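Biologist: I'd like to learn how to read charged pairs in a model like this one. Can you walk me through it?

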Amino acid sequence: MVSNQVKNLGLGGGEEKSEDSTPADPAAAAGMTREEYEEYQKQLVEEKMQRDADFLHKKAERATLRVCLREKYRLPKSEQDENMIQMAGDDVDVPEELLKMVDEDATEEEEKDSILGQIQNLQNMDMDQIKEKAQATFTEMKTKAEEKCSLM
C-alpha cells in the first residue's frame with residue numbers, strides 16, 4: 001500500500017510513466033491529421049507575415065507624415081523616419097484622412113497669417129479690450145525700462 005502511494009507521488013517506484021498521455025505528434029495533440037496540421041501552421045505563418053507587412057506599412061505611412069510635417073515647419077530630419085520609409089519601400093503614401101487633417105491645418109494657418117485674417121480678428125475683438133491690452137503692454141515695457149535704465 002505504501003509503495004503505491006509513493007509511486008503516485010512520483011518519488012520512486014519501479015515503473016516509469018507511459019508516454020501515451022502526451023503524444024509526440026503535435027497534430028495528434030491538436031486533434032487533426034498531419035496534413036490538416038501542416039496546412040493550419042502554413043496559414044498561421046502567412047497571416048503573421050501579412051500582419052507584419054501591414055504593420056510595417058502603417059509605420060511607414062506615419063513616418064511619411066512626420067517627414068511632411070518636418071519639411072513644412074522646417075524641423076530637422078529624422079534618420080529613423082527615413083530608414084522606416086526605405087524599409088517599407090518608397091511607394092508609401094500618407095493616408096487620405098491624415099492628408100485632409102494637415103491640409104485643413106494649413107488653410108487655417110494661412111487664413112490667420114493673411115492680412116484679411118488679421119482684419120477679421122480685429123473686427124471680432126472689442127476695442128476696449130484692445131485698448132486695455134495696449135495700455136498694459138505699454139505700462140509693462142515702461143516699468144522694465146525704468147528697472148534697467150537709471151535715467152528714466
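**Reading the salt bridges**

Modeller: Happy to: the structure holds 5 salt bridges, a salt bridge being a side-chain nitrogen of Lys or Arg within 4 Å of a carboxyl oxygen of Asp or Glu. Keep in mind that this is a predicted model, where local features need pLDDT of at least 70 and side-chain atom pairs count only at pLDDT 80 or more, while totals for chains, interfaces and linings use all residues. Residues are numbered from 1 along each chain as its sequence is written, and side-chain values use heavy atoms, with hydrogens and water left out.

Biologist: What can side chains of opposite charge do when their charged atoms come close?

Modeller: They can pair. Here, E38 and R34 do so through their side chains, at 3.9 Å from N to O.

Biologist: How many residues apart are E38 and R34 in helix α3?

Modeller: They sit 4 residues apart in α3 (residues 34-72), so about one helical turn separates E38 from R34. Helices here are DSSP runs of H or I with at least four residues, numbered from the N terminus.

Biologist: Which residue forms a salt bridge with D52?

Modeller: That's K48, with the closest N and O atoms 3.1 Å apart. D52 and K48 are again in α3, 4 residues apart, or about one turn of the helix.

Biologist: How do I read the accessibility of E38, buried or exposed?

Modeller: Neither: E38 is partly exposed at 47% relative accessibility. Buried means under 20% relative accessible area, exposed means over 50%, and partly exposed is in between (1.4 Å probe, protein chains only). Its partner R34 is partly exposed too, at 42%. For the other pair, D52 comes in at 41% and K48 at 45%, so both count as partly exposed.

Biologist: Where do R70 and D81 lie?

Modeller: First, the contact: the side chains of R70 and D81 meet in a salt bridge at 2.4 Å, N to O. This pair links distant parts of the chain, with R70 in α3 and D81 in helix α4 (residues 79-88), 11 residues apart. D81 is buried, because its relative accessibility is 4%. There's a network of salt bridges here as well, linking R66, R70 and D81.

Biologist: Which residues in α3 are buried?

Modeller: Y37, A60, E61, A63, T64, L65 and V67 are buried there. Just after α3, look for R74, which takes a positive phi of about 55°.

Notes
Helices (H or I, at least four residues) and strands (E, at least two) are DSSP runs, numbered from the N terminus.
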